[in-house]
Amino acid sequence: MSALRAAAVSVGLGGRLVVREATLEVAPGRVTVLIGPNGAGKSSLLSALAGDLAPVAGEATLDGAALSSFKPAALARRRAVLAQSTGLAFPFTVDEVARLGLPAGLPRDEADSVVAEALAAVDLRGYESRVATELSGGERQRAQIARVLAQLSAAPDGRPRYLLLDEPIAGLDLAHQLATLELARRHAEAGGGVLAVLHDVNLAAMAADEIVAMKDGRIVAVGPPTAVLTDETVRQVYDVEASVGVAPPGPFLLPQTARPIARA
Amino acid sequence: MTRSLGVIGAAALLAVAAAASLAIGPVQIGPQRIIEVAAAAYQAGGRAGLPPDMIRDAAILADIRAPRTLVGAMVGAAMALAGAVMQGMFRNPLADPGLVGVSSGAALAAVCWIVLGEGVIAHLSPGAAALGLPIAAFFGGLLTTLLLARIAMRDGRTEIAVMLLAGVALGALASAGTGLLVFMARDDQLRTFLFWTLGSLGGATWTKAWLAAPFVLALIAAAPFLARGLDAVALGERAAFHAGTDVERLKRVAVIGVAAATAAAVASAGAIGFVGLAAPHLVRLAIGPAHRALLPASALLGAALLLLSDVAARTVAAPAELPIGVVTAAFGAPFFLWLLMRRRGRMVG
């Protein structure tokens, strides 16, 4: 079965190990959410699974083949990545930004419909000819999400595709946060795999089939939200004393009840 | 739509500039006369069979103006294209082979070849000796570009301040080398240094045109393959890789192409500044940053700008001829300052 896997992956950055022996499977049909404090190694693990940061030990694979064995274009047909913050060096229009995700040689009418659909999905229809660098931060982020969606939906070949999102909802308003997580959910329901880094524990609990909690470069807990989001794990991962409540949809954490604890 | 119009407009401007470059000089030869002479020469099967009143004009056109126009167009196109590719690669509209020392590096290598290579040149056939100059300039430009990329790029990000300062330093270093060679040079070699530092199309010959052509054509031929990747690199190198661009290969092709085109420009016309900066920027203002249209339009506009500058250089102080670098700098430097002021708010970080 298809999967994007990290097998005992360690990642080094600037001479320091930022991910240590992380083992993780991003499976089609599921939304996997990485949580953890700043500097826990979430983005580095996501980068290793995106193929742009080569592990110093262990292996990142797609359907059993090492990510490093894929050509960039071939990899782009199987996974799309929304990095934490994506700059734009020149004043491209929103439409042009969305098209940057399309593979070379896509027939024009297919390209047009894929881009129109992607822009509609992020609520940017009517913004096509606006210059992306002149939009608000949240709108720019949505233009980038549209690019990633266009990349994922162009020229489908029946194989599952993976969506890697590094803090996709940072800077978005509540409505667009929910809409973006809904896009991730729909991608999973359509047979794709999703790996997202989220900072909001409650939205993570809501969006995830599986939560992976990281701290100091290591994965410390893996499982469904109800299993991972416990008082104990929250304290261990975030150094925060809180009581996690459970309501019908799943666990929740009221920040009003949480207190940071001093680290020894 | 706007994009095609932009490319067509730039091509039209180049046609006008080329006509002006052929027509204007100590002897004015109007466009109509040019066509008459060309048609007559074609019918007569060569210059010798022409009526006497046409022979002089035919000689001026074929021996002096046509190679000059051709070299000027190639140099302008090469510099503008090199500027556009470099700006895309460094993700910064302020990159320009002249500004960041690549031209100076190429010029230094060319001057080295002339002064220090004399011993070698003596043993070569004239053709090989002539070819040595652009090749030396190519490696000079390549080395400077590689050094610059190495210094200014970190984790796929270019630090603007570092890039400009490193470029200034590399340019100064190359100029110091050139200065040292000036010190060592004989009087007859000294005059050619003015040519290298300020640039001129005055020495244009058919031989120079044929020598420059392959280097310029190398970048022109590579341009369509670079366009897509350069668009993606605007997102940053990492995001470009995520979107399927082979960033490493793109960088290699871009760096070699820029060095080749800069070398051709420098070897045939000296270090002429600002065309590589101004042409792509003007095109971006007119039709946006998409490289599919930006690259060809920049090449056409750069060729047109350089030919017009050359026309100005040889008419302003006629019968004397200004170095063309003086003209491009007179227009280009204020433009660059304006650009800096406009971008001042966004220069940080």
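Into which domains is chain A divided? Hi everyone, let's start there, and please keep in mind that what you see is a predicted model. Domain 1 of chain A is made of two stretches, 1–78 and 162–264, while domain 2 of chain A covers 84–158. Taken over C-alpha atoms, the centres of domain 1 and domain 2 of chain A are 24 Å apart.

Now, how do these domains meet? The contact draws on 16 residues from domain 1 of chain A and 12 residues from domain 2 of chain A. If you look at the domain 1 side, H2, strand E7 (162–166) and helix H6 (174–189) of chain A each bring at least two residues to the surface touching domain 2. H6(A) gives the largest share there, with five residues. As for chemistry, that side of domain 1 of chain A splits into seven nonpolar, five polar and four charged residues.

Let's move on to the contact between the chains. Here 23 residues come from chain A and 20 residues from chain B. On the side of chain A that touches chain B, two elements give two or more residues: helix H2 (72–76) and strand E6 (79–82) of chain A. The largest share of that side, three residues, belongs to H2(A). The chain A residues touching chain B comprise 15 nonpolar, five polar and three charged.

One thing to take back to your bench: find H2 of chain A on the screen. H2(A) is among the elements on the domain 1 side facing domain 2, and H2(A) also supplies residues to the side of chain A that touches chain B. Thanks, everyone!

Terms used. Residues are numbered from 1 along each chain as its sequence is written. Chains are lettered from A and ligands numbered from 1 in the order in which they are written. This is a predicted model: local features need pLDDT of at least 70, side-chain atom pairs count only at pLDDT 80 or more; totals for chains, interfaces and linings use all residues. Two residues are in contact if their C-beta atoms, placed from the backbone, lie within 7 Å. Helices (H or I, at least four residues) and strands (E, at least two) are DSSP runs, numbered from the N terminus. Ala, Val, Leu, Ile, Met, Phe, Trp, Tyr, Cys and Pro count as nonpolar, Asp, Glu, Lys and Arg as charged, and the others, Gly among them, as polar. Domain bounds come from an automatic or database domain assignment.
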